[in-house]
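Visitor: I'd like a close look at a single part of this protein. Could you pick one loop, walk me through what sits there, and then work outward to the rest of the fold?

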Amino acid sequence: MSILTRPRTEDERPADDAAPPSRERIFRRRGSGDFSKPTLGGLIGRYALLVLVLFLVIGPFIWQLSTSFKGPQENIYSFPPNLIPREPTLGNYATVADIVPVYLYAWHSLLVSVGTVLSNVVLATFAGYALGCMRFRGKWIVMAILLSTLLFPGEVTVTSNFLTIRALGLADTLWGVFLPGAISAMNVLLVATACRMIPKDVLDAATVDGATTWQRIRHIVWPNIRGMVSVVAIFAFIGAWDDYLWPLIVLSDPAKYTLTVGMAYLNSSFSVDPRLIAAGTMIALVPIVIMFSFTQRFFFKGVQEGAVKG
């Protein structure tokens, strides 16, 4: 017995029978009025420029990394450069660690950098809240003073900072390296800008409900400035880790050097062997790369952060 079936309509067809959606072009055709997309030539130009910038930024790092693993018999100046070592070795890193206490210097830099991050995060948060959310007399005078400090390069205050540190008895100590960078005017202004984006009505409503200053900072301000604070933390860490001039002025005992000062000593001692210099450079650079790799999403979130979240 035959069973008569009626043909299925288009709405009754299963999803597998549906035609695949057409892929949207990422560039516009010639004569198209959609100016939100680039032309094919413009798209190719953008990618070519991106590849060029990537090569200029990543190229020196890759070359240094490759040089640090090359043995003494390999030619590091060959053209085109050989980025893959024929006989890779870790001997350069071992030599650097044996002659220069590079890991002790790295530990000193880590202590100073972590302390700088913590102090900047805490102090910039409270100072930014005061400037961005509170009302008090002389507020704009304080803002003007902070802005004026940004007009002077750091070398202008080196002498006064050193005299202050020496008067406090902190010369030739890591505390003396840490204190001038414990808070930055730029970081305070960044957090204050983020705090000003919080609606005043929200803070006023919390005050009417009996919330204390600490409760307002913890439950209202902090959730909305965490992204910007992460930007402050990253900038503070990189600035303290890469600082060379101030540790060189404060520290006189080689046993207390930070990594940047120790790398300068390494460069002057082993200028005839670029492999050792490259190995020391990689030791100094790896912590920054690791930190930014783990915190980049917070960094870009802080740059794009808006007002109160829903």
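Guide: Let's start with Asp172, which sits in the loop between α5 (158–167) and α6 (174–178). Keep in mind that this is a predicted model. The backbone at Asp172 is worth a look: its phi is near 60 degrees, a positive value in a residue other than glycine. Is Asp172 buried or exposed? Asp172 has a relative accessible area of 17%, and the cut-off for buried is under 20%, so Asp172 counts as buried.

Now step along to Val177, and you'll find a partner from another part of the chain. The C-alpha atoms of Val177 and Asp243 are separated by 9.6 Å, although their positions lie 66 residues apart along the chain. Asp243 is a loop residue too, placed between α9 and α10 (245–250). With 30% relative accessibility, Asp243 counts as partly exposed.

That brings us to α9 itself, and to the core. The largest nonpolar core has 56 residues. Which residues have the most contacts inside this core? They are Cys195, Val221, Ile225 and Leu259. Helix α9 (residues 213–242) gives the core its largest share, namely twelve residues. As a bit of background, nonpolar side chains in soluble globular proteins tend to be buried together.

Zooming out for a moment, the secondary structure comes to twelve helices and zero strands. Read from the N terminus, the order of elements is simply α-α-α-α-α-α-α-α-α-α-α-α. The protein has 310 residues, and 33% of them count as buried.

Next, go back towards the N terminus and look at helix α1, which covers residues 40–68. Leu49 belongs to this helix, and at 53% relative accessibility Leu49 counts as exposed. Leu49 also helps to make a nonpolar surface patch of about 1100 Å². Other residues in that patch include Leu52, Val53, Phe55, Ile62, Leu83 and Ile84.

Phe61 is in helix α1 as well, but Phe61 is partly exposed, with a relative accessible area of 29%. Phe61 also has a long-range partner: Thr281 is 220 residues away in sequence, yet the two are 9.7 Å apart in space, C-alpha to C-alpha.

Ser68 lies in α1 too, and here the picture changes. The relative accessible area of Ser68 is 0%, so this residue is buried. What does the side chain of Ser68 touch? It makes a polar contact with the side chain of Tyr93, at 2.8 Å.

Tyr93 takes us to the last stop, helix α2 (residues 91–99), where the buried residues are Asn92, Tyr93 and Val96. Why do these residues line one face of the helix? Look down the axis of α2: the buried residues fall within an arc of 100 degrees, so they line one face. Tyr93, then, is one of the buried residues of α2 and also the contact partner of Ser68.

Conventions
Residues are numbered from 1 along each chain as its sequence is written. This is a predicted model: local features need pLDDT of at least 70, side-chain atom pairs count only at pLDDT 80 or more; totals for chains, interfaces and linings use all residues. Side-chain values use heavy atoms; hydrogens and water are left out. Buried means under 20% relative accessible area, exposed over 50%, partly exposed in between (1.4 Å probe, protein chains only). Helices (H or I, at least four residues) and strands (E, at least two) are DSSP runs, numbered from the N terminus. The arc is that of the directions from the helix axis to the C-beta atoms. A nonpolar core is a set of buried Ala, Val, Leu, Ile, Met, Phe, Trp, Tyr and Cys residues joined through side-chain atoms within 4.5 Å. Patches are made of residues with over 30% relative accessible area and no salt bridge: like charges are joined within 9 Å, nonpolar side chains (Val, Leu, Ile, Met, Phe, Trp, Tyr) within 5 Å. Accessible areas come from the Shrake-Rupley method with a 1.4 Å probe; for residues, only the protein chains shown count as cover. A salt bridge is a side-chain nitrogen of Lys or Arg within 4 Å of a carboxyl oxygen of Asp or Glu. A polar contact is a pair of N or O atoms within 3.5 Å; within protein, one must be able to donate a hydrogen and the other to accept it, and residues adjacent in sequence count only if both atoms are side-chain atoms.
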